Amino acid sequence: MSRFEPWSEERTVEIVAAHLHLEGPLMPILHAVQNAYGHVPEEAIPVIARELNLSRAEVHGVVTFYHEFRRELPGKHVLKLCRAEACQSMGCERLVERAEERLGVECGATSADGRVTLEAVYCLGLCATAPSAMLDGRVVGRLDAGRLDQLIKEAQT
Amino acid sequence: MMLRIFVPRDAAAVAVGADEVAAALAAAAKKAGAQVQIVRNGSRGMLWLEPLVEIEREGTRFGFGPVAVSDVDSLVKAGIFQGRPVADIKHPLAIGVVDEHPYMTRQTRLTFARCGITDPVSLDDYRAHDGYKGLERALAIKPIEIVDEVAKSGLRGRGGAGFPTGIKWKTVHDTPMGQQKYIVCNADEGDSGTFADRMIMEGDPFLLIEGMTIAGIAVGATRGYIYLRSEYPHAEKALNAAIAAAKKAGFLGPKIRGTDHAFELEVRMGAGAYVCGEETSLLESLEGKRGLVRAKPPLPAHKGLFAQPTVINNVLSLCAVPYIMAEGAKAYADYGMGRSRGTMPIQLAGNLKFGGLFETAFGITLGELVDDIGGGTLSGRPVKAVQVGGPLGAYFPRALFDTPFEYEAFAAKDGLIGHAGVVVFDETANMAKMARFAFDFCSIESCGKCTPCRIGSTRGRETMDKVMAGEDTARNLAIIEDLCNTMKFGSLCALGGFTPYPVMSALTHFPEDFGRPAPKLAEAAE
C-alpha cells in the first residue's frame, strides 16, 4: 500500500482551504499537497490555481522553480547525499559514485525496482561531521563506504 | 536525588547517533533503577566529540565523547548513574569539565552563551539563564532608543553582506506608522560549511524569538516570519515548540507581557532553492512566488514583504540583539576590530580535526582558526585551500593565513567572510574542479532573471571543461577571466556576482591546477 493518499480533487480543495487564512499561502499549500500525495500531481495545479484565483502558469512556475517540489512520485525511500563543498572536502564524490553503482541509477533518479530515489542535496548543515546524508527524514553524518552500504541496504529492504 | 544527564538533540549530534545513545542511556538507567533525567540539550559546538554526553555534579558538567551505543555499558560501570564524585569516574572517553575545555575557554560566547547548556524548548530554562532580559529592557525604553542602541553596537548583517543593522532598522522605524510592517528572518542558511543558524535555532530558539520581538517593537512591526530552509526539519520543530511556549506565556501575541506591543511570529519553509537566501528572492518566495531576485531600489526597508516596510535580517544578526539590549551597546562593541564590532560565530568545517562552532571577537587570524583551533586536517595531509564564506567565498592558500577574520581584511584580499563558514581542503583537492563546481552550482541555482548569472554560469562550466581537458588553455582561461568580470559587475545579486570569487581565487592562488605555471617559489614558501 502506498504511504501517500490517492489523488482527490475534493481533498486538494480542502488542503487549499485550510491555508487560505495565511498571507502568501502558495508555498505552504504546495508543501501540504506534496505531504499528502508524495509529489505535486499535474492535476493539482489547475485546482490550486482556481482556488487561489491565480493562473495555471503562475502555479506551474512556482512548482517548477523549487528543487524540493516533485512532479512525480519518489521511490519508497529517498536517499539524499550532500555534494556541497564541505562534504566534497571529505570525499563525498566517491560515495556518490558508489551509491550510483550500487543502485544502478544516476543521482536524481529512482532505482528500477522503485525502492530508492537517489538525490543530491546541497548542504544539510552538518559540515563538521561530513560527509552527510539523509535517508527519508533521518540525518546521517560521518558517512563512509560501510555506513553508506548499510543505508542502501536498509533502503532496499 | 535526580541526576541529570545531557545528550544533545542537535541535528549534527543526531546524525552521529545521539538519539540511539539517549535511548540506550534511558534503558540502562531503568534497568539499574537509577533516578536519571535525560535532558536533550543543544550542542556545545565541539562537533568532533558528538555525541557528547554530559553528567552534572553540584552544578558542574563533565563530558564524555564521542559516545557510541556500545560505550553505554562501560559508562554505567564507571558510575555515571551514581552520585559519587566525578574524580572517581574513570573512562577513556572522559573529557573533564566541559566549560574548562580549551575549545570552550578560548571562545567569547555572547550569542551562543546558552547553546548546549539549557533545554532548548524550556522557556523556564531560558529565563533562568538570563533569557528575555533584552526584551525587558526594550519594553522599558522608547522604540527609537532601541534602534539607537543597536546602531551604537556596530552590529553588521551576519548573513554576509555586513550592512549595518541599525541603519536598516532606522529606515523601517522612520516609515509612517499605521501600516503593516514586517520582521523577516533569513534562516535560509544554504552555504556549505555554515551551520551556526541551524545550531542556534535548534539549541536556543527563544533567542531568535526574543531578537525578532525586540526588532518588531523597535520599528513598529507586528508580524514576523522566519523563512527556514526545508533541509532543517529539526530546527523547524524546535522553533515551533518555542513559539508555542512563548505565545502561551505572553511573550508573543497581541499584548506582549501585558503592554500594548503586539508581535506574531510564524515559521515558513523554503523548498530547496539556494537563491532564496538572497533577501529579495526570499521575500518573493514568502509571497508565494518563484524566488526571482528583485532589482533594488526600492529597498526592502521601504517596500519589502507584500510591498510593506520590512526589516530582513539574518538569524545571527537577530540573535545578537538580546545581548546588546541586555548588556548595552558598548559591552558588545568593545569586542572586535576596525569596523567589525562584536563577535562572530565561526563555523569550522570540512576536512578538519576539530570541526565545530567557535564564537570569537573579530580579529583572529585564519591560520589560528585552521591550524590551532581546528587542529589541521582530519586526513592528516597538508592543508591546500580554505574556502571562507560559503560557495560564493574565495579559496585562500596557506600564504594568506595571516589574514585577520573581519569584513574589510578579507575584502582587501579579494575574499569575503560571508556567513563565517570555514571549509578546509587537503592537498588532494583539485582547484580547477572546485572552480568548475562553483560555475555548475551557480547554473543549477540561478533564478534566471539576469543574463550574466544565468548564461555566464553555464558558459563558465563549459569553458572549465575545456580547460580541464587541456584544450587551448590560455585562450579558454582568458575567457574565464572575462566571464568572471561580466558576472561580477553585471549580475543582479550576489549569486552571479560572487561566483567569480571561488573561481578567480582558485585560478590566482592555484594556477598549476589549471595548467598554468605554479606561483613563484618565494610566494609559495611564505
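**Exercise 1.** How far apart do the C-alpha centres of domain 1 and domain 2 of chain A lie?

Solution. The structure is a predicted model, in which local features need pLDDT of at least 70, side-chain atom pairs count only at pLDDT 80 or more, and totals for chains, interfaces and linings use all residues. Residues are numbered from 1 along each chain as its sequence is written, and chains are lettered from A and ligands numbered from 1 in the order in which they are written.

- Step 1: find the bounds. Domain 1 of chain A covers 9-65 and domain 2 covers 77-156; such bounds come from an automatic or database domain assignment.
- Step 2: take the distance. The two C-alpha centres are 30 Å apart.

**Exercise 2.** Describe the make-up and extent of chain A.

Solution.

- Step 1: count the elements. Chain A has seven helices and four strands. Helices (H or I, at least four residues) and strands (E, at least two) are DSSP runs, numbered from the N terminus.
- Step 2: read their order. Along the sequence the pattern is α-α-α-α-β-α-α-β-β-β-α.
- Step 3: take the extent. The C-alpha trace of chain A spans about 50 × 35 × 20 Å along its principal axes.
- Step 4: take the burial. Of the 157 residues in chain A, 42% are buried. A residue is buried if 20 or more other C-beta atoms lie within 10 Å of its own, exposed if 12 or fewer, and partly exposed in between, with C-beta atoms placed from the backbone.

**Exercise 3.** In what order do the strands of the open sheet in chain A lie, and which helices pack on the sheet?

Solution.

- Step 1: order the strands. The four strands run β2-β1-β3-β4 in chain A, with mixed pairing. Two strands pair if DSSP finds at least two bridges between them.
- Step 2: find the edges. β2 and β4 of chain A each pair on one side only. From one strand to the next the twist averages 20 degrees.
- Step 3: look at one pair. β1 (residues 77-82) and β2 of chain A run parallel and are joined by six bridges; within this pair, A:H77 stands opposite A:V116.
- Step 4: add the helices. Helix α6 (residues 92-103) of chain A touches β1 and β2, and its direction makes about 155 degrees with that of β1(A). Helix α7 (residues 145-156) of chain A touches β1, β2, β3 and β4, at about 20 degrees to β3(A). Axes are lines fitted to C-alpha atoms, for helices over the stretch in contact, and angles run from 0 to 180 degrees between N-to-C directions. Two residues are in contact if their C-beta atoms, placed from the backbone, lie within 7 Å.

**Exercise 4.** Trace the parallel sheet of chain B and place B:I183 in it.

Solution.

- Step 1: order the strands. The open sheet of chain B has four strands in the order β8-β7-β6-β9, and the pairing is parallel. Its edge strands are β8 (264-269) and β9 (310-314).
- Step 2: look at one pair. β6 (residues 182-187) and β7 (residues 223-228) of chain B pair over six bridges. B:C185 stands opposite B:I226 in β7(B).
- Step 3: add the helix. Helix α13 (residues 315-327) of chain B packs on the sheet, touching β6 and β9, and makes about 95 degrees with the direction of β9(B).
- Step 4: place the residue. B:I183 is in strand β6 of chain B. B:I183 counts as buried because 30 other C-beta atoms lie within 10 Å. Leaving aside neighbours within four places in sequence, its contacts include B:M212, B:A215 and B:V311.

**Exercise 5.** Where are the cis peptide bonds at A:P131 and B:P51, and which non-glycine residue of chain A has a positive phi of about 50 degrees?

Solution.

- Step 1: recall the background. Most residues other than glycine have a negative phi, and most peptide bonds are trans.
- Step 2: locate the cis bonds. A:A130 and A:P131 are joined by a cis bond with omega of about -5 degrees; A:P131 lies in the loop between β2 (116-121) and β3 (133-135) of chain A. The bond from B:E50 to B:P51 is also cis, with omega near -5 degrees, and B:P51 is in the loop between β2 (36-39) and β3 (53-57) of chain B.
- Step 3: name the residue. A:D136 has the positive phi and sits in the loop between β3 and β4 (138-140) of chain A. A:D136 is partly exposed, with 13 C-beta neighbours inside 10 Å.
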